[in-house]
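Me: I am new to this structure. Please take one part and look at it closely.

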Amino acid sequence: MNTPQLDKKGRSPARLLITLILPVALLIYSVFFFRAIYDLDLNSRAYPQFLIGILALLLFIQVGSDVREWLHSETHRSLLESWQRWRRTALAAAWTLIFIASIDTIGFYEALVPYVALLLPMIGARRPWTVALYTAGTALGIYLLFDLALRVRLPSGFLGL
């Protein structure tokens with residue numbers, strides 16, 4: 001069985017690449033998304049571009065943190081250790097893709113409630129009341145913002161919301 005190539009300090013560049021795959025992929029996606037909406041008028045693109053800018057900043061910080069940690073480590077992490085670190089992020093990303101795919105099928109609010117209710121424990125929230133309050137607050141906040149304040153109808157579903 002081949003052992004991974006290590007640098008002079010016993011660190012594995014392959015492990016660094018594995019650790020950086022998700023933030024770099026998201027960063028590339030955000031750049032392409034930013035470019036895709038650039039031809040929209042300013043009112044339509046300002047909010048998404050602001051969010052993409054914040055996401056890109058956070059991803060740059062994450063990549064910098066990972067590289068800095070790798071440079072200061074004495075030995076490499078095992079693949080299992082790398083997976084444990086990114087397990088929550090990978091599960092949240094997969095759950096987000098399921099949420100996005102289900103919006104057209106079952107409706108935005110019907111997809112949002114289970115999405116938030118299951119996402120919060122995935123990222124570390126453990127108290128049922130906290131999960132319930134954040135789930136209800138998120139759904140109510142989005143309803144108040146989009147349906148009532150902005151008068152933007154989100155995809156409706158079973159409940160006709």
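Reply: Here is a close look at helix H2 and its surroundings.

The model is predicted: local features need pLDDT of at least 70, side-chain atom pairs count only at pLDDT 80 or more, and totals for chains, interfaces and linings use all residues. Residues are numbered from 1 along each chain as its sequence is written, and side-chain values use heavy atoms, with hydrogens and water left out.

The chain has 5 helices and 0 strands. Helices (H or I, at least four residues) and strands (E, at least two) are DSSP runs, numbered from the N terminus.

H2 has 31 residues. Its first and last C-alpha lie 43 Å apart, close to the 45 Å expected at 1.5 Å a residue. That expected span is 1.5 Å times one less than the number of residues.

Which residues of H2 are buried? They are Arg 45, Gln 49, Ile 52, Ala 56, Leu 59, Val 63, Asp 66 and Trp 70. Buried means under 20% relative accessible area, exposed over 50%, and partly exposed in between (1.4 Å probe, protein chains only). An α-helix has 3.6 residues a turn, so residues three or four places apart point the same way.

Leu 58 also sits in H2, which covers residues 42-72. Leu 58 counts as exposed because its relative accessibility is 52%.

H2 also helps line the largest pocket. Helix H1 (13-36), helix H3 (79-106), helix H4 (108-122) and helix H5 (128-149) each give two or more residues to that lining too. The lining has 29 residues, and Leu 51, Leu 55, Thr 96, Ile 100 and Tyr 115 lie nearest the pocket's centre. A pocket is an open set of points on a 1 Å grid over the protein atoms alone, where a 1.4 Å probe fits, with protein on both sides within 12 Å along at least five of seven lines; lining residues have an atom within 4 Å of a point.
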